[in-house]
Structure formats: C-alpha cells, structure tokens
Amino acid sequence: MPSDFSAASNQKEVYRLLLAQMEGLLEEEPHVLPALCNASALVMAALPQLNWSGFYLMAQGQLVLGPFQGKPACIHIPLDRGVCGAAAREKQTQRVADVHLFPGHIACDSASRSELVVPLVRQGQVLGVLDLDSPIPNRFSEEDQEGLEALGTLLAEKCLWDGFRYFE
C-alpha cells in the first residue's frame with residue numbers, strides 16, 4: 001500500500017496521499033494501537049528532515065509514550081512541561097521554530113531543533129498528541145500544520161479508542 005511520496009508534486013499532494021493511505025489502513029484495522037503504529041511510520045516516510053515521529057497518549061493525567069519512529073524517547077511527560085504538555089493542556093497545535101527557546105522544553109533527543117505537536121481531541125477530550133521533531137530549525141510550515149492537524153482529526157475520530165486504556 002505505501003505510496004511513493006517523493007512523486008508528489010507539492011506539499012498538499014503529499015498530505016492528500018498521506019491521508020488517503022491512513023484512511024485505507026483504518027478500513028483494514030481501526031484499532032488505535034496498530035493505527036498509530038502505521039501513522040507514525042507513514043509520517044516518517046512521507047516527510048523529509050524528521051528525526052522523530054510518534055504519539056504520546058493520555059494516561060492518568062499525563063502523557064505516556066506510545067507508538068513512534070526514531071530514537072528512544074521520554075516515557076512520561078507531565079502536562080505542565082514541554083511542547084507536548086502545552087499542546088495537550090491547551091488543546092492547540094504547537095509549532096515551535098526553535099525548541100531551545102521554548103520554556104520548559106524537554107530534550108529527549110539533543111539533535112531536535114524544531115517541533116510540531118498536534119493534540120488528538122475527540123468530544124472535547126484529549127486522547128494524546130502527535131509529536132514530530134526535526135534537526136532543522138523552523139522545519140514546519142503552515143501547510144505541515146494543516147496537513148498534520150487533518151491527520152490528527154482523522155485518527156481521533158476514526159480509530160477505535162473505546163475501551164482502550166493505557167493504564168488502569
């Protein structure tokens with residue numbers, strides 16, 4: 001099923017392909033864990049200049065590491081710390097051009113320079129966040145934000161989250 005994202009003529013086409021593939025994968029298996037595994041792999045394949053693509057899931061009032069692609073990462077993130085915590089706490093995408101200037105930034109990988117974090121929200125409840133890191137300062141554009149917010153909405157609405165509990 002993987003598309004050749006390099007054949008896309010522009011950024012909008014990359015995100016169109018990415019969403020179409022994710023929709024197809026969700027038709028095959030809508031359970032949240034395999035869906036998030038595939039989503040992190042698709043994002044890593046589709047977007048250049050990333051060093052991390054993955055998810056943190058809400059569990060017991062904090063974010064806990066979920067499926068990802070990249071180097072080992074921080075396991076627990078409190079909502080009052082870091083870019084991921086801010087996205088979950090504020091229920092708003094955080095696009096950070098230079099993570100070293102972000103108050104309370106958590107450096108899981110010292111090579112990361114910019115970050116984009118999209119909250120996954122369903123019926124007003126934060127389920128988790130989609131987190132992308134890049135070693136390139138100011139890597140993420142408005143088009144990236146819009147495309148990844150569309151992916152986040154798709155995952156929040158179409159995945160089978162009911163009954164899923166990270167921790168009891």
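**A lined cavity and an open antiparallel sheet**

Helix H3 contributes three residues to the lining of the largest cavity, the most of any element. The model is a predicted one. Its structure holds one cavity of 30 Å³ or more. The space in this largest cavity amounts to about 180 Å³. A total of 18 residues line the largest cavity. Closest to the centre are Ile 106, Cys 108, Glu 115, Asp 131 and Asp 133. Two or more lining residues come from each of strand S1 (52–59), helix H3 (82–90) and strand S6 (125–134). By residue class, the lining of the largest cavity divides into 10 nonpolar, three polar and five charged residues.

The sheet is described next. Six strands form an open sheet with antiparallel pairing. Their order is S3-S2-S1-S6-S5-S4. The edges are strand S3 (76–78) and strand S4 (94–96), and each of these pairs on one side only. From one strand to the next, the twist averages 25 degrees. In a regular strand, side chains alternate between the two faces of the sheet.

The pairings can be followed along the sheet order. S1 is joined to strand S2 (residues 62–70) by seven bridges, and the two strands run antiparallel. Within that pairing, Met 58 has Leu 63 of S2 as its bridge partner. S1 is also joined to S6, here by six bridges and again in the antiparallel sense. Asp 131 in S6 stands opposite Gly 54. Asp 131 is also among the residues closest to the centre of the largest cavity. Both strands of this pair, S1 and S6, give two or more residues to the cavity lining.

S6 pairs with strand S5 (residues 114–122) as well. Nine bridges join S5 to S6, and the strands run antiparallel. Arg 122 stands opposite Gln 125 in S6. S5 and S6 form a hairpin with two residues between the strands. In this hairpin, Gln 123 adopts a positive phi near 55 degrees. S5 then pairs with the edge strand S4 over three bridges, antiparallel once more. There, Gln 94 has Val 117 in S5 as its bridge partner.

Burial was computed for both hairpin strands. S6 is mostly covered, with nine of its 10 residues buried. In S5, eight of the nine residues are buried, so this strand is largely enclosed by the rest of the structure.

Two neighbouring positions in helix H2 (residues 32–46) were also examined. Ala 41 lies in this helix, and so does Ser 40. Ser 40 counts as buried because its relative accessibility is 1%, under the 20% limit. Ala 41 has a relative accessibility of 31% and therefore counts as partly exposed, as that class lies between 20% and 50%. Separations to residues elsewhere in the chain were computed for each position. Ser 40 and Pro 119 are 79 residues apart in sequence, and their C-alpha atoms are 14 Å apart in space. Ala 41 and Arg 95 are 54 residues apart along the chain, with 21 Å between their C-alpha atoms.

The cysteines were then considered. A disulfide is a covalent bond between the sulfur atoms of two cysteines. A search of the whole structure finds zero disulfides. For Cys 159, the closest cysteine sulfur is in Cys 37, at 11 Å, and therefore too far for a bond. The limit applied to a pair of sulfur atoms is 2.5 Å. Cys 159 counts as buried because its relative accessibility is 2%. Cys 84 has a relative accessibility of 3%, so this residue is also classed as buried.

Terms used: Residues are numbered from 1 along each chain as its sequence is written. This is a predicted model: local features need pLDDT of at least 70, side-chain atom pairs count only at pLDDT 80 or more; totals for chains, interfaces and linings use all residues. Side-chain values use heavy atoms; hydrogens and water are left out. On a 1 Å grid over the protein atoms alone, a cavity is a set of points where a 1.4 Å probe fits but cannot get out, and a pocket is an open set with protein on both sides within 12 Å along at least five of seven lines; lining residues have an atom within 4 Å of a point. Grid points are joined across faces, edges and corners, and a volume is the space filled by probe spheres set on the points. Helices (H or I, at least four residues) and strands (E, at least two) are DSSP runs, numbered from the N terminus. Ala, Val, Leu, Ile, Met, Phe, Trp, Tyr, Cys and Pro count as nonpolar, Asp, Glu, Lys and Arg as charged, and the others, Gly among them, as polar. Buried means under 20% relative accessible area, exposed over 50%, partly exposed in between (1.4 Å probe, protein chains only). Two strands pair if DSSP finds at least two bridges between them. Axes are lines fitted to C-alpha atoms, for helices over the stretch in contact, and angles run from 0 to 180 degrees between N-to-C directions.
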